[in-house]
Amino acid sequence: MDHQPKFFENLSGTGKAIGVLTSGGDAQGMNAAVRAVVRMGIYVKAKVYFVYEGYQGMVDGGDNIVEVSWESVSSILQVGGTVIGSARCKSFRTREGRLQAACNLVQRGITNLCVIGGDGSLTGANLFREEWSGLLEELAQKGKIDEEAVKKYAYLNIVGMVGSIDNDFCGTDMTIGTDSALHRIIEVVDAIMTTAQSHQRTFVLEVMGRHCGYLALVSALACGADWVFIPEYPPEEGWEDSMCVKLSENRARKKRLNIIIVAEGAIDCHNKPITSEKVKDLVVQRLGFDTRVTILGHVQRGGTPSAFDRILASRMGVEAVLALLEATPDTPACVVSLSGNQAVRLPLMECVQMTQEVQKAMDEGRFVEAVRLRGRSFENNLNTYKLLSQKKPDAELPKTNFNVAVLNVGAPAAGMNAAVRAAVRVGITEGHKMFAVIDGFEGFARGKIKEISWGDVGGWTGQGGSILGTKRTLPAKYLEKIADQMRTNNINALMVIGGFEAYLGLLELSAAREKYDEFCVPMVMVPATVSNNVPGSDFSIGADTALNTITDTCDRIKQSASGTKRRVFIIETMGGYCGYLANMGALAAGADAAYIFEEQFDIRELQANVEHLTEKMKTSIQRGLVLRNENCNENYTTDFIYQLYSEEGKGVFDCRKNVLGHMQQGGAPSPFDRNFGTKISAKAMQWISKKLKETYRKEEGKVFANTDDSVCLLGMRRRNLVFQPVAELKNETDFVHRIPMEQWWLKLRPLMKILAKYKTSYDVSDSGQLEHVAMHSPKEAETGAI
């Protein structure tokens with residue numbers, strides 16, 4: 001990009017007042033959004049007010065609308081729900097109520113509102129904005145405000161953020177709270193699976209989602225459920241028979257449990273409700289299986305927000321304040337939302353109208369349309385679920401006579417097994433014979449390779465680590481042996497799931513093509529490493545799980561200091577030379593500083609950080625948190641920083657240090673990693689099928705692929721999944737430090753500093769343009785989105 005970066009220093013909030021409220025159903029992460037709005041608002045010198053109890057508080061006024069300070073939002077980042085309260089409000093629906101609300105706002109000079117809630121709350125806010133000038137004139141006529149105020153506060157600016165666990169809002173990939181709700185569901189499913197296994201039971205789980213099946217669909221994908229019922233995709237006539245056949249087939253395949261997930265709004269094709277009780281009765285009557293129902297209910301709204309939701313909400317909150325500062329009387333009310341991993345602004349009413357269109361399509365039985373309107377991410381989830389959940393009878397499967405091998409390379413990362421499962425099942429569906437390689441390239445050389453079937457990978461999504469076994473060994477020293485194995489087993493394509501070593505491995509294999517014809521086959525890599533240091537992809541499988549581990553641990557560590565005197569913790573994270581975990585962990589845990597290799601620092605910066613913390617500790621804030629990437633600096637070690645802080649903080653705070661170590665590689669994969677691993681791997685397998693068709697030479701009866709574009713890495717780039725030849729990625733790689741030369745998340749670095757009260761400059765060139773809600777074509781759903 002050769003445009004001039006635009007920095008927000010030029011945007012001043014002096015003289016402006018911002019009100020922040022949460023409305024409608026609560027969602028985890030709302031507090032992170034509130035905290036970001038307050039701190040960013042104060043940072044740009046605006047006044048910020050809490051509006052307690054949603055619109056009810058705005059109507060009631062008085063103590064419900066209070067100016068807040070920096071410290072008001074300290075330690076709320078890790079708290080679920082909303083600390084400023086939320087209420088359903090009848091009076092705001094009347095003009096009388098809105099008149100009173102306008103009066104309360106004008107008295108405090110508030111003309112900027114940041115509303116965090118669902119589509120109902122945001123529609124209400126928009127109506128309020130449209131009526132604003134009329135309301136002020138009416139207040140002036142009644143003598144409640146003077147003419148001066150009518151002129152001074154003539155316009156109301158509104159920015160919305162969607163906080164809803166259902167993810168039912170069009171135009172945004174993820175709403176605040178969705179990821180955390182998935183965490184709750186998956187925790188329950190994982191727990192239920194162990195008891196169901198013991199007793200050979202069938203469990204019917206009911207999850208939230210009255211009008212939207214997102215939670216049900218994604219949790220079914222993430223736990224490999226046998227069947228799922230969602231409002232947007234009702235089962236076909238006679239579903240009762242097909243479901244029972246599927247369940248009994250699974251039992252016959254020695255599967256000891258069945259999981260059926262039902263969204264609370266599930267319907268059949270005649271718009272009649274399908275309840276969890278109905279499903280249970282059906283299974284008991286027809287199959288006689290021991291069946292239990294578990295209704296998750298409000299558990300899904302509770303608990304602490306996930307790392308993803310905290311980062312999402314913090315980014316949205318800062319973006320919302322920028323949008324308010326830039327708003328003019330002519331800009332429509334907007335929502336800040338997420339597309340891929342980019343913050344975008346969309347016209348609020350366009351999103352609301354589209355969300356209502358979905359409901360209308362469902363009411364009228366236009367279900368295909370409803371799924372399309374939900375957006376490409378929803379459509380992709382549904383297509384992937386359909387692909388992986390039901391095995392076609394062998395007679396219906398195509399036969400390609402191609403053999404495809406799958407292997408894990410590098411350190412273990414949570415979500416690798418989900419990726420292997422998806423690859424195997426999609427491969428079988430496409431008609432290939434699938435082979436699993438044990439222990440990476442080293443195992444490959446030793447001939448540890450076996451055919452793997454559909455049933456072999458059942459139940460793999462929730463398993464941490466790597467079931468196939470993984471090694472860091474590179475193929476260069478085993479080339480001849482690997483070539484032999486590929487010839488012996490007649491392997492026509494390779495899928496490598498792993499980290500930086502997998503990338504180096506593919507470079508070595510493609511370099512060896514001149515010497516060995518066996519390597520002239522399509523090869524694809526799917527990035528999986530906790531460090532998130534693979535060039536060509538913004539995310540890698542396993543990083544989200546590691547980030548949640550770091551965030552949870554930081555929460556506990558912070559809590560351990562709650563009863564003690566002032567204390568600062570120095571925490572060391574993994575990542576090699578890549579600062580992703582340290583930087584994003586700091587953002588999610590509300591740390592004061594994060595030391596990373598990508599941003600060089602010296603003793604002066606360390607000194608400034610210590611002084612900054614010392615100043616902070618003189619206020620009501622009792623705890624400090626500092627994260628350090630393991631390789632950020634060879635001389636400023638964790639011990640050095642710990643000793644420096646201990647010495648300089650004498651008399652003000654004491655210090656503790658903690659090295660997190662290998663716990664960051666372990667644990668059950670997070671919903672994001674299961675889902676991302678499943679979808680990206682399924683897509684990679686489809687690419688292999690396409691390449692095999694293209695490179696098969698009929699006359700020789702073999703596959704021959706030796707161009708650069710037959711060795712690719714599939715990565716998430718901004719908003720799309722893209723295949724990139726590994727040869728082209730060489731120029732983007734710093735091979736010495738094993739990191740990409742450019743990393744998107746460095747742009748979020750100033751965000752952490754602002755939220756920790758540092759003066760910094762923040763490049764906002766990427767934000768600011770109001771986009772329109774794009775209706776995508778069905779074709780697009782296949783190409784890019786995740």
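**Two sets of parallel strands in a predicted model**

Helix H8, which spans residues 239-252, lies across strands E6, E7 and E8 and runs at about 150° to E7. The structure described here is a predicted model, in which the protein averages a pLDDT of 92 and 96% of the residues score at least 70. One stretch departs from this level of confidence, since pLDDT stays under 50 over residues 776-785; for these residues the model has 22 contacts beyond four places in sequence.

The strands beneath the description of helix H8 belong to an open sheet of 4 strands, whose order is E7-E8-E6-E9 and whose pairing is parallel. Strand E7 (227-229) and strand E9 (291-295) stand at the edges of this sheet, and because each has a single partner strand, one side of each is left without a neighbour in the sheet. From one strand to the next, the twist averages 15°. Within the sheet, strand E6 (residues 202-207) pairs with strand E8 (residues 258-263) in the parallel sense, and 6 bridges are found between the two. In this pairing Leu205 stands opposite Ile261 in E8. Helix H6 (residues 178-199) also packs on the sheet, where it touches E6, E8 and E9, and the direction of helix H6 makes about 165° with that of E6.

A further group of strands is found later in the chain, and strand E20 (residues 623-629) is described here together with its partners E18 and E19. Of the 7 residues of strand E20, 7 are buried, so the strand is largely enclosed by the rest of the structure. In a regular strand the side chains alternate between the two faces of the sheet. In E20, Arg623, Leu625, Leu627 and Asn629 point one way, whereas Gly624, Val626 and Arg628 point the other way, and all are buried.

Strand E18 (residues 567-573) and E20 pair in the parallel sense over 7 bridges, and Ile571 stands opposite Leu627 in E20. Strand E19 (residues 593-595) likewise runs parallel to E20, to which 3 bridges join it, and here Ala594 is the residue that stands opposite Leu627. The chain passes from E19 through helix H20 (residues 603-617) to E20, and the β-α-β crossover formed in this way is right-handed.

Two residues allow the surroundings of these strands to be followed in detail. Asp592 is found in the loop between helix H19 (580-589) and E19, and with a relative accessible area of 5% it is buried, because a residue counts as buried when this value is under 20%. The side chain of Asp592 makes a polar contact, at 2.4 Å, with the side chain of Lys616. Apart from residues up to four places away in sequence, Asp592 touches Leu613, Lys616, Arg623, Gly624, Leu625, Met752, Ala756 and Tyr758; of these, Arg623, Gly624 and Leu625 were named above among the residues of E20.

Thr573, in turn, has its place in strand E18 and counts as buried, at 1% relative accessibility. When its neighbours within four places in sequence are left aside, Thr573 is in contact with Ile550, Leu581, Ala582, Leu627, Arg628, Asn629, Glu630 and Gln664, and among these contacts Leu627, Arg628 and Asn629 belong to E20. By contrast, Thr573 and Gly427, which are 146 residues apart in sequence, are 37 Å apart in space from C-alpha to C-alpha.

Methods
Residues are numbered from 1 along each chain as its sequence is written. This is a predicted model: local features need pLDDT of at least 70, side-chain atom pairs count only at pLDDT 80 or more; totals for chains, interfaces and linings use all residues. Side-chain values use heavy atoms; hydrogens and water are left out. Two strands pair if DSSP finds at least two bridges between them. Axes are lines fitted to C-alpha atoms, for helices over the stretch in contact, and angles run from 0 to 180 degrees between N-to-C directions. Contact means heavy atoms within 4.5 Å. Buried means under 20% relative accessible area, exposed over 50%, partly exposed in between (1.4 Å probe, protein chains only). A crossover is right-handed if, with the strands pointing away from the viewer, the path from the first strand over the helix to the second runs clockwise. A polar contact is a pair of N or O atoms within 3.5 Å; within protein, one must be able to donate a hydrogen and the other to accept it, and residues adjacent in sequence count only if both atoms are side-chain atoms. pLDDT is the predictor's confidence in each residue, from 0 to 100.
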